[in-house]
Amino acid sequence: MAKITFLKTGAVHEIADGSSYLDFCQSNDVPQDFGCTVGSCGTCALVIEEGGDNVNAATEDEKDVVEMCSSDAHARLGCQLTINGDITLRPAEV
Ligand code: FES
């Protein structure tokens, strides 16, 4: 099991390794905004403050969307994340 820590609220959740962050949030009433759920709108942008190596790598398409929707250069799209280990995250700046 991996741990997701939310800096904004201090909440900590456990998640099975290899899980989709989107599926996890939707199944556990986690307060994460989503829009399209397919990596094109940027609504779900977040920043992984710790454990960035514990998620799948960003694709070029994801990087392009992040660049358009956030001033955080290293933001990720929550709907595109697969969790493979402990991470700490916060909402991205828009
Ligand atoms: S919900 Fe639209 S990019 Fe993630």
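**Exercise 1.** Which strand gives the most to the lining of the largest pocket, and with how many residues?

*Solution.* This is a predicted model: local features need pLDDT of at least 70, side-chain atom pairs count only at pLDDT 80 or more, and totals for chains, interfaces and linings use all residues. Residues are numbered from 1 along each chain as its sequence is written, and side-chain values use heavy atoms, without hydrogens and water.

Step 1: fix the terms. A pocket is an open set of points on a 1 Å grid over the protein atoms alone, where a 1.4 Å probe fits, with protein on both sides within 12 Å along at least five of seven lines; lining residues have an atom within 4 Å of a point. Strands are DSSP runs (E, at least two residues), as are helices (H or I, at least four), numbered from the N terminus.

Step 2: find the contributor. Strand E7 (residues 87-91) leads with three residues.

Step 3: look at the centre. The lining has 19 residues, with Lys 8, Pro 31, Gln 32, Asp 33 and Pro 91 nearest the centre.

**Exercise 2.** Place E7 in its sheet and find the edges.

*Solution.* Step 1: read the order. The open sheet runs E2-E1-E7-E4-E5, with mixed pairing. Two strands pair if DSSP finds at least two bridges between them.

Step 2: find the edges. E2 (12-15) and E5 (76-77) each have a single partner strand, so one side of each lacks a neighbour in the sheet.

Step 3: check one pair. E1 (residues 2-6) and E2 run antiparallel, joined by four bridges. Ile 4 stands opposite His 13 in E2.

**Exercise 3.** Which helix gives the most to the lining of the second largest pocket?

*Solution.* H2 does, with three residues.
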